[in-house]
Amino acid sequence: MLIENCTLDDYFIIIRDIAEFWGSERTLSFHHPIYIHEFGNTAFVIREEQKPVAYLFGFLSQTDQSGYVHLVGIRESHQKKGLGTLLYQHFINYCKTKGCTHVRAITTPENTKSIAFHHHKMGMEMIGERGGYDVPVVKNYAGEGQDRVVFIKEI
């Protein structure tokens, strides 16, 4: 599978087909074109017949030597084929060339699918405190009362 930088045309297809990636439109507000315009060198896509089937939007931290994965989306028809892992490895390799020492990602404490992928498949460590959840969380990470599972992986 060929991984390339995501174009604005790819982005518009992803937005149009968002439910095919996420099962609903619940993540639509997290998909901003700034990830193509300003962070296009860390926005990656895998296409099949000119149509995006998987993507990763990330960026390099301005505060430490890390890469941050904002979104990874795989069309439901292409899930369980290793495309998420492939995109992550590509992003990690890019981060290494830029001097990063680790990568991060987040999810909600209820998103068991994302937790399983990041923790078990990608080998990322969860940081934070258990509190009232089954997994460690960082309290108020996404705003007041918005606890998140924070993943980190040394690279």
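Leaving aside its neighbours within four places in sequence, Y88 touches L56, V69, V72, A105, F117, H118, M122 and M124 in this predicted model. Y88 also belongs, together with L56 and L87, to the residues that have the most contacts inside the largest nonpolar core, a set of 28 residues. Two or more residues of this core come from each of strand 2 (43-48), strand 3 (51-60), strand 4 (66-74), helix 4 (83-97), strand 5 (102-107), helix 5 (112-121) and strand 7 (149-154), and helix 4 makes the greatest contribution, with seven residues. Apart from this core lies another one, of 13 residues, which includes I18, F21, Y35 and I36.

The aromatic rings give a second view of the structure. A pair of aromatic rings is described by the distance of the centres and the angle of the planes. Across the whole structure ten aromatic pairs are found, and two of them are set out here.

| Pair | Centre distance | Plane angle | Class |
|---|---|---|---|
| F39 and F59 | 5.2 Å | 35° | tilted |
| Y55 and F57 | 4.9 Å | 45° | tilted |

The pair of F39 and F59 links distant parts of the chain, since F39 sits in the loop between helix 3 (34-37) and strand 2 while F59 belongs to strand 3, 20 residues apart. F39 counts as partly exposed because its relative accessibility is 27%, and F59 is likewise partly exposed, with a relative accessible area of 22%. In the other pair, Y55 is buried at a relative accessible area of 0%, and F57 is buried with a value of 0%. Ring pairs join these four residues with F21, Y35 and Y68 into a cluster.

Terms used:
Residues are numbered from 1 along each chain as its sequence is written. This is a predicted model: local features need pLDDT of at least 70, side-chain atom pairs count only at pLDDT 80 or more; totals for chains, interfaces and linings use all residues. Side-chain values use heavy atoms; hydrogens and water are left out. A nonpolar core is a set of buried Ala, Val, Leu, Ile, Met, Phe, Trp, Tyr and Cys residues joined through side-chain atoms within 4.5 Å. Buried means under 20% relative accessible area, exposed over 50%, partly exposed in between (1.4 Å probe, protein chains only). Helices (H or I, at least four residues) and strands (E, at least two) are DSSP runs, numbered from the N terminus. Contact means heavy atoms within 4.5 Å. Rings of Phe, Tyr and Trp (its six-membered ring) pair if their centres lie within 6.5 Å; planes under 30 degrees apart count as stacked, over 60 as edge-to-face and the rest as tilted.
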